[in-house]
Amino acid sequence: MMYLVEHFYSIQGEGKYSGRPSLFFRFGGCNMKCEGFACQEIAEDGTRLLGCDTIFAVNREHFCKNWKSITDVQQFLDILESYKLSHVTDIVFTGGEPLLYANEAVLVAFLELLHADGHRIFFETNGSLGVDFEKFPIYKECEFALSVKLENSAEPEKKRINKEVLKSLTSNAKSCFFKFSIGRDSLGQELEDELQNIIDITPQTEVYCMPLGGSKEEVEENSEPLVEFCKRKGYNFSDRLHIRIWDKKKGV
């Protein structure tokens, strides 16, 4: 069973293709909690939750009643048609963790139809879950933003870093790039070593670093120190335009 949390047409706010018009499909569920990011969300029952900036797409216990089940590819096509796009555009699958559903026949069929119509297909993934490129060759036509989680996520290393998966994705997909979330308090030699160990797994992959934060204020606080870090290390700096423009608003 697939769960869709929301869909919206906006601009890509992060990474290599920042600023490009994109239609987003946000899936529910994730194999990580990332409570170390310390973004807060209040559930309807008053429970205060910590995690990434999309807790509502991660925490099944408190938010799943708002998730929509997807059982047929026509449901995806109806959503796509509802936007009445006059042009091909970037289609972005995010979450949560979208690759939880990589083997779902409904998703594979939708990807094949999108590719046939000329849309560019992107996945925003934590890079810990693999794709069967031989069984589902459509994934070779997709691009992947690899948001590998760092120690600041509070997830154990063996869970967040899967070397074989990263090698498979970067070797078989149309293209990949790393996208790391970094706060100013974590900058230092320990972080530099951690980043380098991940980058060395697939050294040909481009690196983008973006400021940690679930609000405009937090993003702004972390941006300038991270810019200086990127300048020193030769990494690409990625802003988070959707947060800087719309702050905590969802669906943008």
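Two strands are said to pair if DSSP finds at least two bridges between them. This criterion applies to the predicted model described here, in which six bridges join strand S9 (residues 175-182) to strand S10 (residues 206-211).

**Strands S8, S9 and S10**

Strands S9 and S10 run parallel, and Ile 182 stands opposite Pro 211 of S10. Between these two strands the chain passes through helix H6 (residues 189-199), forming a β-α-β crossover that is right-handed. Strand S9 also pairs with S8, again in the parallel sense, over four bridges. Within that pairing, Leu 146 has Phe 178 of S9 as its bridge partner. Most of S9 is covered, since seven of its eight residues are buried.

**The largest nonpolar core**

The largest nonpolar core holds 52 residues. Those touching the most other members are Phe 93, Phe 123, Tyr 139, Phe 144 and Phe 180. Helix H3 (residues 105-116) makes the greatest contribution to this core, giving six residues.

The surroundings of Phe 123 can be described in detail. When residues up to four places away in sequence are not counted, Phe 123 touches Phe 93, Pro 98, Leu 99, Leu 107, Leu 111, Tyr 139, Cys 142, Glu 143, Phe 144 and Ala 145.

**Backbone features**

A cis peptide bond joins Gly 95 and Gly 96, with omega at about 10°. Gly 96 belongs to the loop between strand S6 (90-94) and H3.

Two residues other than glycine have a positive phi, Ala 154 and Asp 247. They are set out below.

| Residue | Phi | Location | Relative accessibility |
|---|---|---|---|
| Ala 154 | about 70° | loop between strand S8 (143-146) and helix H4 (157-160) | 54% |
| Asp 247 | near 60° | segment after helix H8 (241-246) | 35% |

How do the two residues stand in terms of exposure, at 54% for Ala 154 and 35% for Asp 247? Ala 154 counts as exposed because its relative accessibility is 54%, and the cut-off for exposed is over 50%. Asp 247 counts as partly exposed because its relative accessibility is 35%, a value that falls between the cut-offs of 20% for buried and 50% for exposed.

**Summary**

In this predicted model, S9 pairs in the parallel sense with S8 and runs parallel to S10. Phe 123 is among the residues that touch the most other members of the largest nonpolar core. The cis peptide bond lies between Gly 95 and Gly 96, while positive phi values occur at Ala 154 and at Asp 247.

Note on methods
Residues numbered from 1 in each chain as written. Predicted model: local features only at pLDDT ≥ 70, side-chain atom pairs only at ≥ 80, totals over all residues. Heavy atoms only, no water. Core = buried A, V, L, I, M, F, W, Y, C linked by side-chain atoms within 4.5 Å. Buried < 20%, exposed > 50% of the residue type's maximum accessible area, 1.4 Å probe, protein only. Contact = heavy atoms within 4.5 Å. Right-handed = clockwise from strand over helix to strand, strands pointing away.
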